[in-house]
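Hello,

Here is the structure you asked about, with the sequence. My notes on it follow below.

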Amino acid sequence: MTAAVEGISRPAAGSGRPAAPYMNPYLAGVGIGGILLLAFVVMGRGLGASGAFSTVVSVAVSDFAPAAASSNEAFARYLGDGTTSPFANWILVEIVGVILGALTSARLAGRFHLTTERGPRAGVRARLAFAFAGGTLMGLGARLARGCTSGLALTGGAMLMPGAWIFIATAFAAGFAASSLFRRQWL
Amino acid sequence: MSMPFYANGLFGDGAGLTFALVIGLAFGWFLERGGLGNARKLAGQFYLTDMTVLKVMFSAIVTAMLGLFWLNRVGFLDLTSIVVPGTFVAPQAIGGVIFGIGFVMGGLCPGTSCVSAATGRRDGFAVVGGMAAGVLLFGLLFPVLRGLYEATPLGNVTLPELLGVRAGVVVFGVTAMAIGMFTGATAIERRINQGGGRT
């Protein structure tokens, strides 16, 4: 059964080189915290991710239905005042960096594989459907909460923002509470 | 010298965006190095089989928090020029619940879905697509959701201001809580691994 081994670290196809082990999680955390601190010190602002999705989606909506986008505050606030490109945006550019940084890191570590991460009992189609549905819920939740794990939990958490800690608490509580429903996807 | 540089006009928007790219490169690098492009590792947090999410997240928060606190304390950084985003209790609590269910369902969060997709994972692309759909859905539903979105505002306050205690007290509390969780996570990992569970 190939399903049991898919997604587990294994040698890069054809290279004969085993994937490097992951970094110590505390070291990775201190690295990310240091980057967040640098962003605060230099720019006076933190990290983010969901804002990049908001920008791209808002521009797409604006291309299809300009009037509907400009009259809806949820989209309009990501389109700017027309004097600069909506893409000249701190979070969007930062996410382009995240993609390039992750790609570089994975290539150098022999961890770039076309694969689908899933539990041994999960089918590929089901896993992708759950991934899409989970992403949809996170898109809704992040917009409602005004941020996600990066922009609200990490950034707001470090600033001791009450709403960030409320979000961290309810997100983890809900994740643990719902975990039994999705056990087949993972274990 | 006064920080943050950007807020004090030390450089312009073009330099700011270049810096955003550099910050992003480093962020993506550390996320991938820590294994956070792998949905199984992230989902493992919710089944207590993998504590990476907790360890990375709280060591990042504590590092940045201690940095902000001490740089402000020694007068190197002007914290008043860094605006704390406004807290909205109900939408951030409910948004967190929806987000948490989506997280264990998809196995990735918005930032790590970009890492997952960038490293060749199809499920990463699916979460990215789902995120876009969710953001679109929120926009379409915004006329209905607006009341909730703007409900229960507390303003741009911090926890120390809200609780009426010195910042150092909350900083100490968060640090102690993180160390407590790291200790607990290590103990749980040891027990699960001894019990013949997966590593």
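Helix 3 of chain B, residues 52-73, has 22 residues and should span 32 Å at 1.5 Å a residue; its end C-alpha atoms lie 31 Å apart, so the two figures agree. Please keep in mind that this is a predicted model. Of the 22 residues in helix 3 of chain B, 16 are buried, so that the helix is mostly covered. Just after this helix, B:Gly75 takes a positive phi of about 80 degrees.

Helix 3 of chain B also matters for the count of the nonpolar core. The largest such core has 116 residues. The residues with the most contacts inside this core are A:Leu36, B:Met57, B:Ile61, B:Ala64 and B:Met65. Helix 3 of chain B gives the most to the core, with 12 residues. As general background, nonpolar side chains tend to be buried together in soluble globular proteins. One of the core residues, B:Met57, touches A:Gly29, A:Ala153 and A:Leu154, leaving out residues up to four places away in sequence.

Next, helix 4 of chain B. This helix covers residues 89-106, which is 18 residues, and reaches 25 Å from its first C-alpha to its last, close to the 26 Å expected at 1.5 Å a residue. Helix 4 of chain B is mostly covered, with 16 of its 18 residues buried. B:Gly107, just after helix 4 of chain B, takes a positive phi of about 80 degrees.

Within helix 4 of chain B sits B:Gly95. Is B:Gly95 buried or exposed? There are 30 other C-beta atoms within 10 Å of B:Gly95, and 20 or more are needed, so B:Gly95 is buried. Leaving aside neighbours within four places in sequence, B:Gly95 is in contact with A:Gly141, A:Ala142, A:Leu144, A:Ala145 and A:Phe167. The C-alpha atoms of B:Gly95 and B:Tyr149 are separated by 9.3 Å, and these residues are 54 apart along the chain.

A residue of chain A can be described in the same terms. A:Phe132 lies in helix 6 of chain A. A:Phe132 has 21 C-beta neighbours inside 10 Å and therefore counts as buried, the threshold being 20 or more. Not counting residues up to four places away in sequence, A:Phe132 touches B:Ala126, B:Gly129 and B:Gly130. A:Phe132 and A:Arg77 are 55 residues apart in sequence, and their C-alpha atoms are 26 Å apart in space.

On the contact between the chains: 105 residues from chain A and 106 residues from chain B take part. On the side of chain A that touches chain B, the elements that give two or more residues include helix 1 (25-43), helix 2 (50-64), helix 5 (90-109) and helix 6 (124-145) of chain A. The residues on that side of chain A divide into 68 nonpolar, 29 polar and eight charged.

Helix 1 of chain A has 19 residues. From its first C-alpha to its last, this helix reaches 26 Å, close to the 27 Å expected at 1.5 Å a residue. A:Gly44, just after helix 1 of chain A, takes a positive phi of about 75 degrees.

Inside chain B there is one helix pair to report. How do the axes of helix 1 (residues 13-33) and helix 5 (residues 110-118) of chain B cross? The axes come within 10 Å and cross at roughly 80 degrees. This angle falls in the range 65 to 115, which makes helix 1 of chain B roughly perpendicular to helix 5 of chain B. In this pair, B:Gly28, B:Leu31 and B:Glu32 of helix 1 meet B:Gly111, B:Thr112 and B:Val115 of helix 5. By class, the contact has two nonpolar, three polar and one charged residues.

Last, the chains as wholes. Chain A has nine helices and zero strands, while chain B has eight helices and two strands. From the N terminus on, the elements of chain B run α-α-α-β-α-α-α-β-α-α. Buried residues make up 55% of the 187 residues in chain A and 50% of the 199 residues in chain B. The C-alpha trace of chain A spans about 55 × 35 × 35 Å along its principal axes, and the C-alpha atoms of chain B fill a box of roughly 55 × 45 × 35 Å.

Regards

Conventions
Residues numbered from 1 in each chain as written. Chains lettered and ligands numbered in written order. Predicted model: local features only at pLDDT ≥ 70, side-chain atom pairs only at ≥ 80, totals over all residues. Helix = DSSP H or I, 4+ residues; strand = E, 2+ residues; numbered from the N terminus. Expected span 1.5 Å × (residues − 1). Buried ≥ 20, exposed ≤ 12 C-beta atoms within 10 Å, placed from the backbone. Contact = placed C-beta atoms within 7 Å. Nonpolar A, V, L, I, M, F, W, Y, C, P; charged D, E, K, R; others polar. Axes fitted to C-alpha atoms, helices over the stretch in contact; angles between N-to-C directions. Parallel < 35°, antiparallel > 145°, perpendicular 65-115°, else oblique. Core = buried A, V, L, I, M, F, W, Y, C linked by C-beta atoms within 7 Å.
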